[in-house]
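I opened my notebook to jot down what I looked up, one stop at a time. Here is what went in.

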Amino acid sequence: MAQAQSRGHSRAGNVDVDGHPALLENRHPLAMVYGGGGVVGIAYTTGVAAGLASSGIPVAGAPALGTSAGSWTASALALGMSYDDLAELPVPSVPAVRSGVLADIARMVFGESSHPLVSVSAVTVRGRRRHILDGGAYPLADLVAASSAVPGLLPPHRIDGRLYVDGGMWSATSVDAAEDADRVIVVAPLAGRVMGPMGRIAGALLDRELDRWQQRHPEADIHMVRPNREMARIVGVRPLALFDADRARTIYPLAYEQGVRWGEHIQSDTVPARRTAG
């Protein structure tokens, strides 16, 4: 997707930011970024986050940017929820045509809650521009519906008169829009070994985004956690496998263990800044 010019208040490069004035004024000790990847991506990001938390990384209290599946994780953690609250939600049959199907599912768990620590990426249908939407200004159910509306599979979602589709149409993580922080942890379900060529392309784009973020914040640490070879074998290479609830439930405990390991490494400062593999 071609890059478009930013309008209004911009946080990072060509990024539209709706809100977060208080968060923008202060540097945080930690910021989280959760990427997309269907229901498997929800299981992976919540699993890694739970493992990090069990190792003493305060993920729930950190500002979190979510894309697609990651928007569900960011929202759930901010509200004190876990994977158990998301695992049994219905998975819509795709392609789905009924407007509001994602928002209806999201409201089963989030209701009308909002939260200022959450932001999500979504892409406008008309201008095909990425927006970073503020979870303190809109119901989280609307934000995750907008950020997760995969074109051709799920219908766009309307917020304030604008139709939005999946933020992954711009970037699988939008890490370049992460909050300014001493440490940023990026949890990227679609990177490296997962999904074959798709994962390799997503991983290469993510590397470029990490480079751009690090250039703007040379004093900060940035870490990337991505699926390992065992998880990649479980997911396979078919895109629709990302919507398989059984695969998601299999991925979660493996992701949790990975999060524990990385949390221990980060706490002990044995992981170098800038790049962490799966």
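## Notebook: helices, loops and a cavity

**Entry 1: the end of helix 9.** I started just past helix 9, where I found Asp 269 with a positive phi, near 60°. I should keep in mind that this model is predicted. I also reminded myself that most residues other than glycine have a negative phi.

**Entry 2: the length of helix 9.** Next I looked up how far helix 9 reaches. It runs over residues 245–267, which makes 23 residues. At 1.5 Å a residue those should span 33 Å, and I found the end C-alpha atoms 32 Å apart, so the two agree.

**Entry 3: a bend on the way.** Where in helix 9 is the kink? I found it at Ile 251, with an angle of about 25°. The proline Pro 253 comes shortly after that spot.

**Entry 4: the start of helix 9.** I went back to the beginning of the helix. There a side-chain oxygen of Asp 244 comes to within 2.9 Å of the backbone nitrogen of Asp 246.

**Entry 5: the hidden side.** I then checked which residues of helix 9 are buried. Among them are Ala 248, Ile 251, Leu 254, Ala 255 and Gln 258. Further along I noted Trp 262, Gly 263 and Ile 266, which are buried too. A rule from class goes with this: an α-helix has 3.6 residues a turn, so residues three or four places apart point the same way. What covers the buried residues of helix 9? My list includes helix 2 (38–54), helix 4 (83–87) and helix 8 (229–235), plus strand 8 (181–187) and strand 9 (221–225).

**Entry 6: over to helix 2.** Helix 2 turned up in that cover, and I gave it the length check as well. Its 17 residues should span 24 Å at 1.5 Å a residue, and its end C-alpha atoms are 24 Å apart, so this one agrees. Helix 2 is mostly covered, with 14 of its 17 residues buried. After the helix comes Gly 56, and its phi is positive, near 100°.

**Entry 7: two odd phi values in loops.** I looked for positive phi in residues that aren't glycine. Asp 160 has one of about 50°, and it sits in the loop between strand 6 (157–159) and strand 7 (162–166). Ser 174 has one near 55°, and its place is the loop between strand 7 and strand 8. Buried or exposed? Asp 160 has 64% relative accessibility, so it counts as exposed. Ser 174 has a relative accessible area of 0%, so it is buried.

**Entry 8: Ser 171.** I stayed in the loop between strand 7 and strand 8, where Ser 171 is found. Ser 171 counts as buried because its relative accessibility is 5%. A polar atom of its side chain lies 3.2 Å from the backbone nitrogen of Thr 173. Leaving aside neighbours within four places in sequence, which residues does Ser 171 contact? I got Thr 67 and Glu 209.

**Entry 9: Gln 214.** This residue lies in helix 7 (residues 197–216). Its relative accessible area is 15%, and buried means under 20%, so Gln 214 is buried. A polar atom of the Gln 214 side chain is 3.0 Å from the backbone oxygen of His 217.

**Entry 10: an empty spot inside.** How many cavities of 30 Å³ or more does the structure hold? I wrote down 4. I picked the second largest, with a volume of about 50 Å³. Its lining includes Met 32, Tyr 34, Ala 74, Leu 77, Ala 78 and Val 118. Strand 2 (28–34) and helix 3 (69–78) each supply at least two residues of that lining. Helix 3 gives the largest share, 3 residues.

**Entry 11: Val 118 and Leu 140.** Val 118, from that lining, lies in strand 4 (residues 118–124). Its relative accessibility is 1%, so Val 118 counts as buried. Its C-alpha atom is 9.8 Å from that of Thr 73, although the two are 45 residues apart along the chain. Leu 140, in helix 6 (residues 140–147), is in contact with Val 118, and also with residues including Ser 75, Leu 79 and His 115. Leu 140 is buried, with a relative accessible area of 0%. Leu 140 and Glu 112 are 28 residues apart in sequence, yet 7.0 Å apart from C-alpha to C-alpha.

Conventions. Residues are numbered from 1 along each chain as its sequence is written. This is a predicted model: local features need pLDDT of at least 70, side-chain atom pairs count only at pLDDT 80 or more; totals for chains, interfaces and linings use all residues. Side-chain values use heavy atoms; hydrogens and water are left out. Helices (H or I, at least four residues) and strands (E, at least two) are DSSP runs, numbered from the N terminus. The expected span of a helix is 1.5 Å times one less than its number of residues. The bend at a residue is the angle between axes fitted to the seven residues ending there and the seven starting there. Buried means under 20% relative accessible area, exposed over 50%, partly exposed in between (1.4 Å probe, protein chains only). Contact means heavy atoms within 4.5 Å. A polar contact is a pair of N or O atoms within 3.5 Å; within protein, one must be able to donate a hydrogen and the other to accept it, and residues adjacent in sequence count only if both atoms are side-chain atoms. On a 1 Å grid over the protein atoms alone, a cavity is a set of points where a 1.4 Å probe fits but cannot get out, and a pocket is an open set with protein on both sides within 12 Å along at least five of seven lines; lining residues have an atom within 4 Å of a point. Grid points are joined across faces, edges and corners, and a volume is the space filled by probe spheres set on the points.
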